[in-house]
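Biologist: Please put the chain on screen, and then we can go through its features by question and answer.

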Amino acid sequence: MSRECIEWGEETRQECAEYRDNGYNECSEYRDNGYNSCASWRSECCDWWPCSWLCEIVSWFCVAWYWVSNIVCVSWYWVSNVVCVAWTYITTAVCLVWEVIVTIVIFVVAVIEAIVGTIISFIDFIIEVILSIPIIGRLIREILSIIQEIIYRIIGLVDALAWALGIRPEKKLRMCVIIMRDERGLVADPAMVIEEVQAAADIFRSQANVRLIPCALANIKTPFHDDDSAGNEYIHEMDSASRDDLLDISCGAGAWWEDLWLEGSAYNMIMTRSCFCGNARRLLGYGSPVTVFVVRSIDGGNTTGCSLGPLTDYITVVGTETTDKTTIAHESGHACGLWHVGGTTNLMFGTDSNLRRDMSNFQAINFRNSRHVTYL
Ligand SMILES: [Zn+2]
């Protein structure tokens, strides 16, 4: 039950204790070195009585000074630890209260979404046809994405601040996976794709306390649900074979051009139909799902995944790539505003590897700040 709020507090309390114990050691070291220096100073004292008498007093003050310093030092670390621990209890409490409030609101939103969301999704169907018009419609869609991204990032600054202070309640990321089909059948085994979705769910949960959920209107998942297992509910299979240009696509500048041209147009229409549940949110931008197109090849087989970052609501991954399970997580990272960084174990390391799973604090904040990642 909402274990991340509690676990995070426990981890921080351990850090508080470590800080205190290291501090205690430093205090004793400082004191002992001090005593030694007092003693060595005294050993070099003169024998002549007024001098030796003065020497005696000074060395006594010397010892007293280090004795008192040690007490002040130890008290400082003791109080620091108490404050540190008290702070973790406050952050844990705020985190839990926030999640309880979110849970209540989630049910209200679910009802509204089931009614109003469906109506908006139908209206959006018409809007999406316009947004699917090559060049003009597609440019409007990209500009809309940028505007939405900026607005929700500004609102999300409150959450970023809370995270930095140690208040880290659960957020959600919606995902809808579409497996393309060629004349021979599906371009990927759904079971393999689910494994990749599961890897993404595990990484986002452990690194940013973000719960991955499938795109569905009545999918009510509160922070108090324990189950993070991915299954068929994420997967949408295309019924018929797609054109070659939708199966073998480009990355980089080529992908941008394709998004503006016929491929982006077709992807947008497929997304509107197959991930109907996300239409209202795509239009509003708030919590719009990341749609994963599983394709046959990217850049003629040179790339296993591609994302245009916050410009589009979809990413592409290659269906036959089965050894690296982190591609969906990595490309979703790009969609949520992350860029490549060094370090082979970082999720945003630029080379395919199953080792990719860490996110720095800054990356977690940036990721949670995306329009795709929301409380409701
Ligand atoms: Zn990348």
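**Loops, domains and helix contacts**

Modeller: Asp 299 lies in the loop between strand 8 (297–298) and strand 9 (305–307). The model is predicted.

Biologist: What is the phi of Asp 299?

Modeller: Most residues other than glycine have a negative phi. Asp 299 is not a glycine, yet its phi is positive, at about 50°.

Biologist: Is Asp 299 buried, partly exposed or exposed?

Modeller: A residue needs 20 or more other C-beta atoms within 10 Å to be buried, and 12 or fewer to be exposed. Asp 299 has 16 other C-beta atoms within 10 Å, so the class is partly exposed.

Biologist: Which residue in the loop between helix 2 and helix 3 (136–155) has a positive phi, and is that residue buried or exposed?

Modeller: The residue is Ile 135, in the loop between helix 2 and helix 3. Its phi is near 60°, a positive value in a residue other than glycine. Ile 135 has 11 C-beta neighbours inside 10 Å, and the limit for this class is 12 or fewer, so Ile 135 is exposed.

Biologist: How far apart are the C-alpha centres of domain 1 and domain 2?

Modeller: The protein chain is divided into domain 1, residues 3–90, and domain 2, residues 120–374. Their C-alpha centres are separated by 53 Å.

Biologist: Which element gives the most residues to the side of domain 1 that touches domain 2?

Modeller: Five residues of domain 1 are in contact with five residues of domain 2. By class, the domain 1 side has two nonpolar, two polar and one charged residues. With four residues, the element that gives the most to this side is helix 1 (residues 3–43).

Biologist: Are helix 4 and helix 11 roughly parallel or roughly antiparallel?

Modeller: The axes of helix 4 (residues 157–165) and helix 11 (residues 361–368) come within 9 Å and cross at roughly 150°. Angles over 145 degrees fall in one class, and therefore helix 4 and helix 11 are roughly antiparallel.

Biologist: How do the residues of the contact of helix 4 with helix 11 divide into nonpolar, polar and charged?

Modeller: Helix 4 brings Asp 159, Ala 160, Trp 163 and Ala 164. Helix 11 meets them with Ala 364, Ile 365 and Arg 368. The division is five nonpolar, no polar and two charged.

Biologist: What is the handedness of the crossing of helix 4 and helix 11?

Modeller: The angle of roughly 150° does not state the hand by itself, so the hand is assigned from the sense of turn between near and far helix. For helix 4 and helix 11 the crossing is right-handed.

Biologist: How is helix 2 oriented to helix 8, roughly parallel or roughly antiparallel?

Modeller: Helix 2 (residues 49–131) and helix 8 (residues 262–274) pack with their axes 9 Å apart, at an angle of about 170°. That makes the pair roughly antiparallel.

Biologist: Which residues of helix 8 make the contact with helix 2?

Modeller: On helix 2 the contact is made by Phe 125, Glu 128 and Leu 131. By class, the contact has three nonpolar, two polar and one charged residues. The helix 8 residues are Asn 268, Met 269 and Thr 272.

Biologist: Is Thr 374 buried or exposed?

Modeller: Thr 374 is in strand 11 (residues 373–374). It has 21 other C-beta atoms within 10 Å, and the threshold is 20 or more, so Thr 374 is buried.

Note on methods. Residues are numbered from 1 along each chain as its sequence is written. This is a predicted model: local features need pLDDT of at least 70, side-chain atom pairs count only at pLDDT 80 or more; totals for chains, interfaces and linings use all residues. Domain bounds come from an automatic or database domain assignment. Two residues are in contact if their C-beta atoms, placed from the backbone, lie within 7 Å. Helices (H or I, at least four residues) and strands (E, at least two) are DSSP runs, numbered from the N terminus. Ala, Val, Leu, Ile, Met, Phe, Trp, Tyr, Cys and Pro count as nonpolar, Asp, Glu, Lys and Arg as charged, and the others, Gly among them, as polar. Axes are lines fitted to C-alpha atoms, for helices over the stretch in contact, and angles run from 0 to 180 degrees between N-to-C directions. Angles under 35 degrees count as roughly parallel, over 145 as roughly antiparallel, 65 to 115 as roughly perpendicular and the rest as oblique.
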